[in-house]
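Q: Could you take a close look at the salt bridges in this model for me? I would like to know which side chains pair up and where the partners sit.

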Amino acid sequence: MANLADLFDSAAARALDAQASALAGDGGWELMAQAGLAAWQRLLRHWSQALNVGVVVGSGNNGGDGLVLARHALLAGRRVTALTLPGKPPATALAQRATSDFRSVGGTLAEFDGTLPAADIWVDGLFGLGFDRAPEGAAQAVIEALNAQDAPVFALDVPSGVDADRGTVPGVAVRAALTLQFIVPHRGLYTGDALEHAGEPALAALQLPKAAWQDVSAAAEHWTGARLPALLKPRRANTHKGESGHVLCVGGNHGSGGAIALAAEAGLRAGAGLLSIGTRGDHVGPLLARLPEAMVHALEDGDALPGLLEKARVVAIGPGLGRDDWARALFARVLACGKPLVLDADALNLLACDPRALPDAILTPHPGEAARLLECTTAEIQADRYLFAQALAERYHAVVVLKGAGSIVAAPGCTPRLIAAGNPGMAVGGMGDLLTGIIASLRAQGLDAFDAAACGALLHALAGDVAALDGARGLLPTDLLVPLRRLANPEPLQ
């Protein structure tokens, strides 16, 4: 059965709809009736004082859902304005039945004439699941009108104009205050541009027979803070620092000592028992002053690196690394060390110049770095974040955290994980350095690569959300360090 721990693609949602309708033998009417009623009940919960309800109706079944809602609104004594696109009345059998039922209680349908009358709430029933192109003509005009007026917009299943599989917005799209998804949550609404259009996502699972779920599987896992207690269990009473792992952070070229400092401090705050830093000699003093808990070593020529690598359980490389001869020499030695790795920043750029399989590594690219690793454009990455996160994992035989709004964690042969946290304030230099240290720390504490990457990305994003409670603008990476420590110690599961 559906729950918000799983996300589905449109193929799975359509299969569920078709299988449930076939089992019911009613062509899908019961599901539409349930969806429309659930939408009306949700509208009442959020906008109980709305007396004037506007509904924009498409020609397909999404419009039918809207007309079922409109019928309930009329029966409840609300004033209802229902608008279709010019020359495109409800066309499917289900939508036509919903139209007849709406008219039977006094409802009327009018065509959109370029303007929207005043309403307390507008319901978007224009396009549903599977719409993956830019709206044109009257459809574009009505979406622009919905976005321009002042009343909140309530989207049914998917905000019109949003690709429910990829999270992209090819043209204009409805900016909803709330989106009520039917049957299953759609994976595209939780990443990329869709986050600016879906508003608050909610789910009406509807009542489907269990047999309808045959051969239907999730397309992504939805990772929230509820995942943390199972992964970050309390430490045993008789523990010692060695049990919590030894992380080595390598980086901090001239002028970039702060990057490796952020990674190191985050690694300690996330629970590493021991942490060493290999960096330029000029940074040793400042790093010791900032972080006396770390063991800081000057690496001017890389000769001291083998000894540090031998002691470490996990190596994180990239923050402030640069791409000069010093960086390349350290990078080559780290990749040959045989230890679990976390690669970020310039380590990813160096990898892009010399691609190779890294089966015990975690890569943490932002979209630009991902594009270089796959020899494509950033726009292509953002156009299908799930696809390209998985492509990175398969090409490099590694776990990948594709950063950005709605970060995606992928691993070869595994269902991807969507990180359902984070905020725009985290779009500032240094945030990725924190993430590198957190993930390396969790890997050193014994989590496998996939869990360490997903748990680390989630911890990082949740800490950012706590830190942003005082405002997203001006948020700094160091603001995350205090909430990070608290979040890394979740209440045990009962």
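A: Happy to, and please keep in mind that this is a predicted model. A good place to start is the pair Arg175 and Glu196, which form a salt bridge with their closest N and O atoms 3.9 Å apart. This pair links distant parts of the chain: Arg175 sits in the loop between β6 and β7, while Glu196 sits in the loop between β7 and β8 (200–204), 21 residues apart. Arg175 is partly exposed, at 45% relative accessibility, and Glu196 is exposed, with a relative accessible area of 54%.

The loop between β6 (153–156) and β7 (178–182) also holds Arg166. Arg166 makes a salt bridge with Asp384, with 3.3 Å between the closest N and O atoms. Asp384 lies in the loop between α13 (378–383) and α14 (385–396), so this bridge ties together parts that are 218 residues apart in sequence. Here Arg166 is partly exposed, with a relative accessible area of 31%, whereas Asp384 is buried at 11%.

Helix α14 brings us to Arg395, whose side chain meets that of Glu375 in a salt bridge (3.1 Å, N to O). Glu375 is in the loop between α12 (367–374) and α13, and Arg395 is in helix α14, so the pair ties together parts 20 residues apart in sequence. Glu375 counts as exposed at 64% relative accessibility, and Arg395 is partly exposed, with a relative accessible area of 33%. Returning to Arg166, salt bridges that share partners join this residue with Asp163 and Asp384 into one network. For the wider picture, a search of the whole structure finds 15 salt bridges.

Notes. Residues numbered from 1 in each chain as written. Predicted model: local features only at pLDDT ≥ 70, side-chain atom pairs only at ≥ 80, totals over all residues. Heavy atoms only, no water. Salt bridge = Lys/Arg side-chain N within 4 Å of Asp/Glu carboxyl O. Helix = DSSP H or I, 4+ residues; strand = E, 2+ residues; numbered from the N terminus. Buried < 20%, exposed > 50% of the residue type's maximum accessible area, 1.4 Å probe, protein only.
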